[in-house]
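User: I have some questions about the structure below. Please keep the answers short and show the reasoning.

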Amino acid sequence: MFRISILGIPNDENSSFQRGCAEAPPKIRHELWSAANNMWTETGVDLGVEGRLNDHGDIRFDGGRDSWELIETRVDEVLSDPGAAIFLGGDHAITHPVLRAVRRYHPKLTILHIDAHPDIYYDFEGNPRSHASPFARIMEEHLADRLVSCGIRTATGHQRDQIAKHGVDVIEARHWHDDTQVDFTTPVYISLDIDGIDPAFAPGVSHREAGGLSSRQVINLIQTIRQPIVGADIVEFNPHCDLSNMTAVLAAKLLKEIAGMMVQTS
Ligand code: MN
Ligand code: MN
């Protein structure tokens, strides 16, 4: 059986504006297993089959060890299990140490990045580990062959320079259409910042930016991937900002649809 590992990475120490994303993993798990829904994906995969989802729990950050080393080590351990893996943030800063480990297993890799923000500041307020900077580090360290950023609607002049410097393929939200397609030629890692989705659907984020993609558009994008989806993260869900749990429910739904496509593209 093709297994999907789940690992919580409850770390928001590099959030620039407000904390809270570290509390996301148990909220997402709660909705994932809620009796309100069944465990079938839209595309016909039963995630409730014994052994399909392998939950490794959450990384414990006790301050005793550098957080980046700890994340890279734990992710590496999880990836030594065959199958695919989904990481639950935490803020978007975690994607950098996660990719350091993922890259060891995938010499060919494209990142599908969904976000309101390019997250490619050289540093933010002097912090090179900022959640506004993971893709600067990832591109500098060649942790992917290609980065495709979708849903962007906040790029500054500096970030546009960084996008050009690192050759990022950007599809801005203003250019997104229902029939927009992204073609992949390598295995894919999905980095899903919940604020890429419009705050009308996903209010539980620290940086609400109107004019985003709909839940449907993001799910359709995920469902059209035909290359193996080898890993994914779901980041920036901040329970402190949520309304009636709707963002937690959406995050769990996105986890399911990604997991289903991991099975179907394996
Ligand atoms: Mn982000
Ligand atoms: Mn964002």
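User: Which residue of β2 stands opposite Ser5?

Analyst: This is a predicted model. Strand β1 covers residues 4–9 and pairs with β2 in the parallel sense over 4 bridges. Gly8 of β1 stands opposite Asp58 in β2. For Ser5, the residue opposite in β2 is Asn54.

User: Which residues of β1 are buried on each side?

Analyst: In a regular strand the side chains alternate between the two faces of the sheet. β1 is mostly covered, with 6 of its 6 residues buried. Both faces are covered. On one side are Ile4, Ile6 and Gly8, and on the other Ser5, Leu7 and Ile9.

User: Which strands stand at the edges of the sheet?

Analyst: The sheet is open and has 8 strands, with parallel pairing. Their order is β2-β1-β3-β8-β7-β4-β5-β6. The edge strands each have a single partner strand, so one side of each is left without a neighbour in the sheet. They are β2 (53–58) and β6 (169–172).

User: By how many degrees are neighbouring strands of this sheet turned against each other on average?

Analyst: The strands run in the order β2-β1-β3-β8-β7-β4-β5-β6. With direction ignored, the average turn between neighbouring strands is 15 degrees.

User: What angle does the direction of α7 make with that of β8?

Analyst: Helix α7 packs on the sheet. The strands it touches are β1, β3 (84–89), β7 (188–193) and β8 (229–235). Relative to the direction of β8, that of α7 makes an angle of about 175 degrees.

User: How many residues of α7 are buried, and what span should the helix have?

Analyst: α7 is largely enclosed by the rest of the structure, because 15 of its 19 residues are buried. Its end C-alpha atoms are 27 Å apart. At 1.5 Å a residue, the expected span agrees with that distance. So the answers are 15 buried residues and a span of 27 Å.

User: Is Met246 buried, partly exposed or exposed?

Analyst: Met246 is found in helix α7. Leaving out residues up to four places away in sequence, Met246 touches Ala200, Phe201 and Pro203. The C-alpha atoms of Met246 and Pro203 are 7.9 Å apart, with their positions 43 residues apart in sequence. The relative accessible area of Met246 is 34%, so Met246 is partly exposed.

User: With the side chain of which residue does the side chain of Ser67 make a polar contact?

Analyst: Ser67 lies in helix α2 (residues 67–79). Ser67 is buried, with a relative accessible area of 9%. Not counting residues up to four places away in sequence, Ser67 touches Asn11, Glu13 and Phe61. The side-chain polar contact, at 3.0 Å, is with Glu13.

User: How far apart are the C-alpha atoms of Ser67 and Pro26?

Analyst: Along the chain, Ser67 and Pro26 are 41 residues apart. In space, their C-alpha atoms are separated by 20 Å.

User: Which residues are the protein donors of the manganese ion (ligand 2)?

Analyst: The donor residues are spaced D-x1-H-x75-D-x1-D in sequence. Their donor atoms lie 2.2 to 2.4 Å from the ion. His117 gives ND1, and Asp195 is listed with OD twice. The residues are Asp115, His117, Asp193 and Asp195.

User: Which residue coordinates both manganese ions, ligand 1 and ligand 2?

Analyst: The two manganese ions are 3.2 Å apart. Both Asp115 and His117 are buried. The residue that coordinates both ions is Asp115.

Definitions and conventions:
Residues are numbered from 1 along each chain as its sequence is written. Chains are lettered from A and ligands numbered from 1 in the order in which they are written. This is a predicted model: local features need pLDDT of at least 70, side-chain atom pairs count only at pLDDT 80 or more; totals for chains, interfaces and linings use all residues. Side-chain values use heavy atoms; hydrogens and water are left out. Donors are N, O and S atoms within 2.8 Å of the metal (3.2 Å for Na, K and Ca); water is not among the atoms, so sites may look incomplete. Buried means under 20% relative accessible area, exposed over 50%, partly exposed in between (1.4 Å probe, protein chains only). Helices (H or I, at least four residues) and strands (E, at least two) are DSSP runs, numbered from the N terminus. Contact means heavy atoms within 4.5 Å. A polar contact is a pair of N or O atoms within 3.5 Å; within protein, one must be able to donate a hydrogen and the other to accept it, and residues adjacent in sequence count only if both atoms are side-chain atoms. The expected span of a helix is 1.5 Å times one less than its number of residues. Two strands pair if DSSP finds at least two bridges between them. Axes are lines fitted to C-alpha atoms, for helices over the stretch in contact, and angles run from 0 to 180 degrees between N-to-C directions.
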